[in-house]
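Hi,

Here is the structure I promised to pass on. Have a look first, and my notes on its charged side-chain pairs follow below.

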Amino acid sequence: MSLFKQLLIAICLFLVVAFSGSFMVGLESSREQYVNQLRSHAQDAATALGLSLTPHIDDAAMVELMVSSIFDSGYFASIRVIDLQSGTVLVERTGVPDAAGTQIPQWFVELIGLQSAGGDAIVSRGWQQAARVEVQSHPLFALARLWQSALGSLGWLLACGLASAGLGAFLLRRQLKPLDYMVEQSHAIARREFLSLPELPRTPELRRVVQAMNQMVEKLKALFQEQAERSERLRDEAYRDSLTGLANRRHFEMQLQARLSADDQASTGYLLLLRVHDLAGLNQRLGGQRTDQLLLAVAELLTQAAAGQGAGQLVARSRGGDFALLMPGLVAEEADQLAQRLDAGLANLVTTGAADTLPVAHMGLVPFSPGDALADLLRLADEALAKAESQTDRTWATLTQGEAPSVGDERHTWHQLLDQALGQRQLQLYFQPVVDSRDRSRVLHYKVLSRLRDERGENIPAGRFLPWLQRFGWMARLDLLMLELVLQQMASHGETLALNLSGALLREPQALDKAFELLRRHAQLGPRLVLELEEDQLPEQAVLERLTRRLRELGFSLSLQHFGGRFSMIGNLARLGLAYLKVDGSYIRAIDLEADKRLFIEAMQRAAHSIDLPLIAERVETEGELEVLRGMGFQGVQGQLFGAPAPWR
C-alpha cells in the first residue's frame, strides 16, 4: 500500500474516532439534560396542580376536571390524585401522547434508554394534608428532540469529516508529489532516461531526499556521458581522418565489404575514386596550410554531393589527396550526372582561389554488385581513375566489368515489378533468428526480412530492390505492407519479432497515421513486436521522442539497427527507452582478429551497460567472433552462424 493511502487512511481513522467520540459525548450530554428537564417538568406540573386543587379538593368533579385539563395538554404518561387517609385513588389519567410525526427508530429508543421521570405534591385541606398528586412525564417528545438533534449533529460531523478528509488528501498529495516524481525518476532510469526534479519541495525531509536523488541522476548521467565520449574518441581515432573528419580508408573498406556481402544489407551501386591532381606540386606552390584548405573544400564538395543521393552514402579520404565516395543504389545515368556536378564544383575551386590550376582532380567510377570481390573492385576503380588521368577531354572515366544494362529498361522493369508486388501483396516474409550469446538454443526474437519473387521465381533480397523503392518514393508503401503482413503472421504463433521501418514512413504523416492505426488494432501484440529504425535514417530528436512515446502508449517498443557510425548521439538515445541496439556488422567482422575494433566495441558496451541498454551484434559469422562478443557481455547475436533467413516454419 502506498504511503499516500496509508496516511490518508490514518487521517480518516483519526477523524472517525474523533468525530465518533464527539458525537457520543454530545449525545450523552443531551440525554442527561433531557432527563433533568423531564424530572423538572413533572415536578413543576405536580406542584402547580397541587396548588390548584387545594381549594377544590372536596369537589370531585372539579378535581377530575382540573386533572383532565392538565393531562390533555400532553407530555404526561399518568397523573394521579391519591387520598392520603384511605390511600384510594381519587382521580387517575393515563395514556400515551400522540406520536404522529416523530418516527423514532426503536433501536434509537433502546440505545438511549431514556425513562419517564416523576414528581409529586401534597394537596392540603386547611392545615391538614388531604391528598397527594403524582405526575409522570412521558419521554416521547424528549426522544423526538433528541433524535432530531442527533441527526443534525451527525450530518454536520459527516460534512466536516468529508471536508477534512478531502482537504487532507489534497494537502497530502501536494506534499507527497515529489515522491511521485522520484518514482518516475526511477522508472525513467530503467528506460535509460535521466530526469532531475527542478523544483525542490519545501518540506525539509523530502527536500533532502529529492536532492540526493537528483545528485544520483546527475552522477549517472555524467558517468554515461563520459563513457559515450570515450567511445566516440576511440571510434574517431580508429575510423576518422584527422584533417577532414571523413571516414578513413579502413572504415571505407569495412562499409564497402558490407555492401558486397551476400546478405540483406548488400546492394548495387557505384564507387567513385577522386584524386587531387599534383598534390606534391600544390604543397610546393601553395604551401601546406592552403593545400589543407583545398582538401577540406574537396571533402565538403563530396559531402554535399553524397547528401543529395539519399541514405547509405559514405565519403572517405584514403590518403593524401585520394578520396572515395560510396553510393549504393546509384545507376549509370545518375553516376554520370554526379560526376558532371563534381567536375563543375571542382572547377569553381579555381575561381574562388582555393586551387591554382585545372584540372583540380580526376575521378574514376565503377559499378558494384553483391558478391563482387573487394580487391577486384578496387583494382577496377584504380584503372578507371588512371584512365581519367590519361584523358584530356574530361576529368572522369567509368569502367564496368561487363555490359551495362540500359538504364531506361532497368528502371521500367523495376517499376513494373515493384508496383505489382506492392499492389498485390506479393512480398515474401523471411525470418532470421537472433539468439542469446550465452545460450545459442534460446531465441530472443526473429528478425523479419523481405524477399521479392521475380518472373523467374527467384527470391530477390531487399538490398537489391530497396534502392529502387527509394528512387520511386515507395518506401512508406513497403513499410505499411510489411507491417500488415507481420501483424497477420503473428496471430499464428507466440514468438517475438523485430521489423525494420524506414525513415520515409516517419516523414509522411498520413502513412504514419495508418501505421499507428494498424498497431492500435493489434495492441495485444505489442509485447511481441519490436520496431527498428536505421541509424542513418533517424529523424530529429523531438520527432523521435514523440514516436517512442506514442509507441510506448500502445505497448510497442523501438530499437536501432546498424548502429555505430553515429555513436555520439547515444546520449540523446538514452532518453528514448530503447529495447536494444544492434551494432553494425562492419564493426563485428573479424573482431577476434582486429584489436582496434575490440577497443571501440568494448567502450560502446561499457557505455550501453551503464544505462542497462542491451547490445546485439549483427552479421556474426565465426566462432571466434562469437567468443569475443560473449566475453564483452553482448546480450544477443545475429548472423549466418546461427541460421540463414528462411520462411516461417
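Glu 532 and Lys 447 are both buried (buried is under 20% relative accessible area, exposed is over 50%, and partly exposed is in between, with a 1.4 Å probe and protein chains only). Their side chains form a salt bridge with an N to O distance of 2.5 Å; the term means a side-chain nitrogen of Lys or Arg within 4 Å of a carboxyl oxygen of Asp or Glu. This one ties together distant parts of the chain, since Glu 532 sits in strand E14 (residues 529-534) and Lys 447 in strand E11 (residues 443-453), 85 residues apart. Helices (H or I, at least four residues) and strands (E, at least two) are DSSP runs, numbered from the N terminus.

Before you read on: this is a predicted model, where local features need pLDDT of at least 70 and side-chain atom pairs count only at pLDDT 80 or more, while totals for chains, interfaces and linings use all residues. Residues are numbered from 1 along each chain as its sequence is written, and side-chain values use heavy atoms, with hydrogens and water left out.

By the salt-bridge rule, the count is 22. Another of them pairs Arg 80 with Glu 134, closest N and O atoms 2.8 Å apart. Arg 80 is in strand E1 (residues 76-83) and Glu 134 in strand E4 (residues 128-137), 54 residues apart. Arg 80 is partly exposed, at 29% relative accessible area.

Then there's Arg 521 with Glu 517, at 4.0 Å. Both are in helix H15 (residues 509-521), four residues apart, or about one turn of the helix. Glu 517 is partly exposed at 34%.

Lastly, Arg 275, Arg 319, Asp 322 and Glu 389 join up in a salt-bridge network.

Cheers
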